[in-house]
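Welcome, and thanks for taking a look at this one with me. Please have the 3D view open as you read, and turn it as you go.

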Amino acid sequence: METETATNWLTDSEQCAWRTYLDVNRMLTHQMEKDLQPFGLTNNDYEILVNLSEAEGQRLRMSDLAAATLQSKSRLSHQITRMENAGLVRRENCESDRRGLFAVLTEAGVETMEKVAPHHVASVRKHFIDLLSSDALSSLRDSLTPVAEHLRGHRGKL
């Protein structure tokens, strides 16, 4: 026999916090995407370029890049193909594992990052950082860290 449990509905305050977070997340994501459009990039493109630019040798295994960007291997493969066609990245075989592939930042990818990054940072400042005090930013980081850690712990389980 199945036992029915009562739904633990959100309080008005919890509902307001949740919906505010959802609204800000959607609007900020939309704004960042809009601000990258003049450069012919999407948020996903930029995230991949950032990950590769910060990686040792400006390269990552495709499986590691998929995990870092929360994309399926198939979706990432299509994304990388598009970025290869634009000259931003290339694929290289992995010497130690014949089945593995690296995504590697090209010179054009580095140049794109050097051109776009200052505009992206200015956008992040204008639409997020500069709107909050340093205390508010610290509180926000402290508040969201347990959520991020919880979700990272569940990534393999989802």
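The numbered points below go through the strands, the core, the pocket and a few single residues.

1. A word before we start: what you see is a predicted model. Please keep that in mind for every point in this note.

2. Let's begin with the strands, and with β3, residues 101-105. Four of its five residues are buried, so β3 is largely enclosed by the rest of the structure. The cut-off behind that step is that buried means under 20% relative accessible area.

3. Which strands pair with β3? Strand β1, residues 59-61, is joined to β3 by three bridges, and the two run antiparallel. If you would like one pair to find on screen, look at Arg-61, whose bridge partner in β3 is Phe-102. Strand β2, residues 89-93, is joined to β3 by five bridges, again with an antiparallel course. Here a good pair to look for is Val-89, which stands opposite Leu-105 of β3.

4. Next comes the core. In soluble globular proteins, nonpolar side chains tend to be buried together. In this model the largest nonpolar core has 21 residues, and Leu-49, Leu-52, Leu-65 and Ile-80 have the most contacts inside it. At least two core residues come from each of α2 (43-54), α3 (62-68), α4 (73-85), β3 and α5 (107-127). The largest share is that of α2, with four residues.

5. Since α2 gives so much to the core, how long is this helix? Its twelve residues reach 16 Å from the first C-alpha to the last, close to the 16 Å expected at 1.5 Å a residue. The buried residues of α2 include Ile-48, Leu-49 and Leu-52, and also Asn-43, Asp-45 and Tyr-46.

6. Leu-65 is a good place to see how the parts meet. Which residues does Leu-65 touch, leaving aside its neighbours within four places in sequence? The contacts are Ile-48, Asn-51, Leu-52, Leu-60, Leu-76, Ile-80 and Ala-103. Two of the residues named here, Leu-52 and Ile-80, are also among those with the most contacts inside the core.

7. Now to the loop between α3 and α4, where you can find Leu-70, Gln-71 and Ser-72. Are they buried or exposed? Leu-70 counts as exposed, at 65% relative accessibility. Gln-71 is buried, with a relative accessible area of 10%, and Ser-72 is partly exposed at 41%. Not counting residues up to four places away in sequence, Gln-71 touches Asn-44, Ile-48, Ala-66, Leu-76 and Gln-79.

8. Please also check the backbone at two places. Phi of Leu-70 is near 55°, a positive value in a residue other than glycine. Gln-58, in the loop between α2 and β1, has a phi near 50°, which is likewise positive in a residue other than glycine. Gln-58 is partly exposed, with a relative accessible area of 29%.

9. The pocket deserves a slow turn of the model. The largest pocket has a volume of about 1600 Å³ and is lined by 32 residues. Which of them lie nearest its centre? Look for Tyr-21, Asn-25, Leu-28, Thr-29 and Leu-144. Helices α1 (12-36), α2, α5 and α6 (134-154) each supply at least two residues of the lining. It is α1 that gives the most, with eleven residues.

10. Finally, a few distances to help you find your way around. Thr-145, in helix α6, is partly exposed, with a relative accessible area of 31%. From C-alpha to C-alpha, Thr-145 and Thr-106 are 33 Å apart in space and 39 residues apart in sequence. The C-alpha atoms of Thr-145 and Ser-72 are separated by 24 Å, with their positions 73 residues apart along the chain. Ala-136, also placed in helix α6, counts as partly exposed at 29% relative accessibility. Ala-136 and Asp-12 are 124 residues apart in sequence, and their C-alpha atoms are 22 Å apart in space.

Key: Residues numbered from 1 in each chain as written. Predicted model: local features only at pLDDT ≥ 70, side-chain atom pairs only at ≥ 80, totals over all residues. Heavy atoms only, no water. Buried < 20%, exposed > 50% of the residue type's maximum accessible area, 1.4 Å probe, protein only. Pairing = 2+ DSSP bridges. Core = buried A, V, L, I, M, F, W, Y, C linked by side-chain atoms within 4.5 Å. Contact = heavy atoms within 4.5 Å. Expected span 1.5 Å × (residues − 1). 1 Å grid on protein atoms, 1.4 Å probe; cavity = no way out; pocket = protein on both sides within 12 Å on 5 of 7 lines; lining within 4 Å. Points joined across faces, edges and corners; volume = space filled by probe spheres on them.
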